[in-house]
Amino acid sequence: MIEAYKLNFKFEEPVRIAWKTFHHNAGDLLLIKQNNLMGYGEAVPDPFITRDTQDSVFHYLKENASLLPKEINLKTIQETHKKLPEGSPTARAAIDFALHDLWGKQERSKISNLYSKNVNTPLNCITIFGKNPKGTQLDVEKILKAYPHLKVIKIKLMGKDDIIRCQLIKEKVDEMKREISYVLDCNQAYKTSKEAINVLNQLKDILQDIILVEEPVTAKQWDVMKEVTDNVDIPIFADESAVNLEDVKIIIKKQCANGINIKLQKTGGIWPAKVIAEECEKHGLKVMVGCMFESSIGIAAGIHFAQSTKNVILTDLDYDLQMPDIYKYKPIFEDGIRKSTDKSGLGVELDFAKIERLKKSSKVIFEKVI
Ligand SMILES: [Mg+2]
């Protein structure tokens, strides 16, 4: 039996990247009840990236609820993915998370341990969004104070003022005597490979320790991306260019990036992400795990995937940290690493009493749709 809810959080302040400003997230929660167990799933659709919406997710869930398996194990999860039509990738992710949650609860095991006994513990970054130089420096200070254990900062580049913004960030980090590595996310901000190469090489001199750069130029312009990869001494990762396995195969064939940012909302869940990560590993590509505006359910799925996948070198799982708390228990951020709870499945439990209180403050919209 399935239930699905609209779940929207209002952001404390607007979130800006190179091409868009967000004021709230728009997510859908999926609950699958089976054999007295509850499996949690979450979809965070985006009309531009995953090409679906809150409404199309509900439509997809209703249309395909009959395809859910009666028995749950890895084989039936894989078979369900084969049966599910293309459609909404975030709805498929929600189904995949809920089935994995049920599988883990049934086996009394964390999801990561169902895949691997060796736990990978990559560092996690926190993002500095696009603001003017002064606002950027204030944000760095705030983040460094909020997370004394933080080791990696991700900077959203805007294609404008990036050099001065990065100089100010580095100054603040040095002033506060912190050891920080950086990830730069261009979100396609640069118009040409020449501009990207020029700016990124300067930023390397300023920041020094840059782990990787995401999506420097317009998505899927493979040759332009390759030119940047070949001429910048920092690993280039594809994000918007790598939506599915077909894209990843092109990237591998053309050798135009050194790694992939896997987001479970784009791949359609943990299992399809495993297939992509394995393809990357075969060809020497590294993986980072990113997120959309997911709450603790989607974030927990990302953590379990990262913990059980050996070529994951970094997680960028942070949006839940700024969202209101609607859970009894949920993953934490400690020692620079995202950690799942010790509970089985995803290790996350909704708290409906907290949700009711937050609804009154209008910070959360939570409505049953299915
Ligand atoms: Mg990105």
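Two strands are said to pair here if DSSP finds at least two bridges between them, and the strands themselves are DSSP runs (E, at least two residues), as helices are (H or I, at least four residues), both numbered from the N terminus. By that criterion strand 5 and strand 6 run parallel and are joined by four bridges, and within this pairing I126 has I153 of strand 6 as its bridge partner. The model is predicted, with local features requiring pLDDT of at least 70 and side-chain atom pairs counting only at pLDDT 80 or more, whereas totals for chains, interfaces and linings use all residues. Residues are numbered from 1 along each chain as its sequence is written, and side-chain values use heavy atoms, with hydrogens and water left out.

On its other side, strand 5 meets strand 12 (residues 312-315) in the parallel sense over two bridges, where L123 is partnered by L314. These pairings belong to a closed barrel of eight strands, which runs 5-6-7-8-9-10-11-12 with parallel pairing. Neighbouring strands of this sheet are turned by 30° against each other on average, direction ignored; such angles are taken between lines fitted to C-alpha atoms, for helices over the stretch in contact, and run from 0 to 180 degrees between N-to-C directions. Strands of a sheet pair through backbone hydrogen bonds, either parallel or antiparallel.

Further round the barrel, strand 8 is joined to strand 9 (residues 236-238) by two bridges in a parallel arrangement, with E214 standing opposite F237 of strand 9. Helix 6 (residues 162-175) packs on the sheet, where it touches strand 5 (123-128), strand 6 (152-156) and strand 7, and its direction makes about 160° with that of strand 6; a contact here means heavy atoms within 4.5 Å. Strand 9 is in turn joined to strand 10 by two bridges, again running parallel, and A238 has I260 as its bridge partner in strand 10.

Burial is judged by relative accessible area, with buried meaning under 20%, exposed over 50% and partly exposed in between (1.4 Å probe, protein chains only). Five of the six residues of strand 5 are buried, so this strand is largely enclosed by the rest of the structure. Strand 10 (residues 259-263) is likewise largely enclosed, because five of its five residues are buried. In strand 10, G259, N261 and K263 point one way while I260 and I262 point the other way, and all are buried. In a regular strand the side chains alternate between the two faces of the sheet.

The barrel strands also supply ligands to a metal. The protein donors of the magnesium ion are D185 (OD), E214 (OE) and D239 (OD), at 2.0 to 2.3 Å from the ion, where donors are N, O and S atoms within 2.8 Å of the metal (3.2 Å for Na, K and Ca), and sites may look incomplete because water is not among the atoms. Along the sequence these donor residues follow the spacing D-x28-E-x24-D. D185 in strand 7 (residues 181-185) and E214 in strand 8 (residues 210-214) are 29 residues apart, so that the pair links distant parts of the chain. Both D185 and E214 are buried.

A nonpolar core is a set of buried Ala, Val, Leu, Ile, Met, Phe, Trp, Tyr and Cys residues joined through side-chain atoms within 4.5 Å. The largest such core has 90 residues, of which I153 and L200 touch the most other members. At least three residues of this core come from each of domain 1 (2-108 + 350-368) and domain 2 (113-349), the bounds being those of an automatic or database domain assignment. Among the residues that L200 touches, not counting those up to four places away in sequence, are L157, L184, V213 and I236. A second, separate core of 21 residues includes L61, L68, I72 and A94.

The centres of domain 1 and domain 2, taken over C-alpha atoms, are separated by 22 Å, and their contact takes 44 residues from domain 1 and 42 residues from domain 2.

Two loop residues deserve a separate look. N35, in the loop between strand 3 (27-34) and strand 4 (37-43), has a positive phi of about 45° although it is not a glycine, and N35 counts as exposed because its relative accessibility is 63%. K220, in the loop between strand 8 and helix 8, has a positive phi near 65° and counts as partly exposed at 38% relative accessibility.
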